[in-house]
Amino acid sequence: GLNFDSDAAVQFSDKLMEFVSWHAIYNSAMIAKVKGAYETFKGSKWDRGLFPVDTIKLLEEERGIETGILPTATMDWAPVREAVKQYGMRNSNTMAIAPTATIANISGALPSVEPIYKNLYVKSNFSWEFTCVNDALVIELRALGLWNDTMLEKIKQLDGNIESIIEIPETLRNKYKEAFQIDPHWVIMHAAVRGKWIDQSQSINIFMNTT
């Protein structure tokens, strides 16, 4: 229910990635308890008690600039730090957000951590050609009695962009902005707060509504 281009959505990305990070790191330590730490654990950042969130300060010192990302947390990390200290890590890296566009299209979800590319479009790849529809938008339009053949034709004519369809409530038009309608600043802000929890990397696309 959050607009992608909002502070509330960025805060949600922060909390969500923290949750994933907490469990990924803790469970790697639990596997290390049984199977031992990975071969080069000794001397690593993990071994020195440096978690991804701790490296923000190192990055700022190295570059001589502030990132603007606060190393704040909402979960209790003491048990995770103690587990890593006691048992080590089974995996040198536990998290990497990868592009999942094709899989997402097939399963009816949005690709990875990105905003909606388009509310309606046809995609072709090496597998086949298929129509991608924003099912969440369709569900909400149905609930309002707005989903019919006429509405479908309007959305088709506008290439998926619902911004100018005044029959659709403004709250929905804002909520279902397509990727090229959203200031890239928001995509970067989401990535930045996720990045403080990720120990490997993340793949994101920057959508520029220009040539």
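His190 touches Phe4, Ala9, Val10 and Ser13, leaving aside residues up to four places away in sequence. Keep in mind that this is a predicted model, and let this histidine be the way in. His190 sits in helix H8, which covers residues 184-195. With a relative accessible area of 3%, His190 falls under the 20% limit and so counts as buried. There is a polar partner to look at too: a polar atom of the His190 side chain lies 2.9 Å from the backbone oxygen of Phe4. So Phe4 turns up twice around this histidine, once in the list of touching residues and once through its backbone oxygen.

Now zoom out to the chain that holds all this. There are eight helices and four strands, and from the N terminus on the order reads α-α-α-β-α-β-β-α-α-α-α-β. If you want a box for the C-alpha atoms, roughly 65 × 40 × 35 Å along the principal axes will do. The chain has 211 residues, and 36% of them count as buried. As for how the fold is wired, take the contacts between residues at least 6 apart in sequence: 67% of those join residues at least 24 apart.

Phe4 is also a good pointer to the open space in the model. The largest pocket holds about 850 Å³ of space. It has 38 lining residues, and the ones closest to its centre are Phe4, Leu110, Glu114, Pro115 and Ile116. Several elements give two or more residues to this lining: helix H1 (7-35), H4, strand S3 (129-133), H5, helix H7 (170-175) and H8. The largest share is that of H1, with six residues. By residue type, the lining of the largest pocket splits into 21 nonpolar, 10 polar and seven charged.

Helix H8 comes back at the second largest pocket, where about 490 Å³ of space lies. Here 22 residues make up the lining, and nearest the centre are Pro52, Thr55, Ile56, Leu59 and Gly195. The elements that give two or more residues are helix H2 (55-63) and H8, and the largest share, six residues, comes from H2. The lining of this second largest pocket divides into 11 nonpolar, six polar and five charged residues.

What about enclosed space? Rolling a probe the size of a water molecule over the atoms shows where empty space is left. Searching the whole structure turns up one cavity of 30 Å³ or more, with a volume of about 40 Å³. Its lining is made of Asn119, Leu120, Val133, Asn134, Leu137, Val138, Trp147, Leu152 and Ile155. Helix H5 (135-143) and helix H6 (149-157) each put at least two residues into that lining. In terms of chemistry, the cavity lining has seven nonpolar residues, two polar and no charged ones. The two polar ones are Asn119 and Asn134, because asparagine is neither on the nonpolar list nor on the charged one.

Last stop: the aromatic rings. A pair of aromatic rings is described by the distance of the centres and the angle of the planes. The whole structure has nine aromatic pairs. In one of them, Tyr117 and Tyr121 meet edge-to-face, 5.1 Å centre to centre and with 75 degrees between the planes. That angle is over 60 degrees, which is why the pair gets the edge-to-face label. Which of these two tyrosines is buried, and which partly exposed? Tyr121 is the buried one, at a relative accessible area of 16%, whereas Tyr117 is partly exposed at 34%.

Tyr117 also pairs with Phe207, this time in a tilted arrangement: 6.3 Å centre to centre, 45 degrees between the planes. This pair ties together distant parts of the chain, with Tyr117 in the loop between helix H4 (101-107) and strand S2 (120-124) and Phe207 in the segment after strand S4 (201-202), 90 residues apart. Phe207 has 9% relative accessibility, so it counts as buried. Tyr117 is therefore the partly exposed residue that pairs with buried Tyr121 and with buried Phe207. Elsewhere, Trp46, Phe51, Trp77 and Trp197 form one aromatic cluster.

Terms used: Residues numbered from 1 in each chain as written. Predicted model: local features only at pLDDT ≥ 70, side-chain atom pairs only at ≥ 80, totals over all residues. Heavy atoms only, no water. 1 Å grid on protein atoms, 1.4 Å probe; cavity = no way out; pocket = protein on both sides within 12 Å on 5 of 7 lines; lining within 4 Å. Points joined across faces, edges and corners; volume = space filled by probe spheres on them. Buried < 20%, exposed > 50% of the residue type's maximum accessible area, 1.4 Å probe, protein only. Polar contact = N/O pair within 3.5 Å; in protein donor to acceptor, adjacent residues only side chain to side chain. Contact = heavy atoms within 4.5 Å. Phe/Tyr/Trp six-rings, centres within 6.5 Å; stacked < 30°, edge-to-face > 60°.
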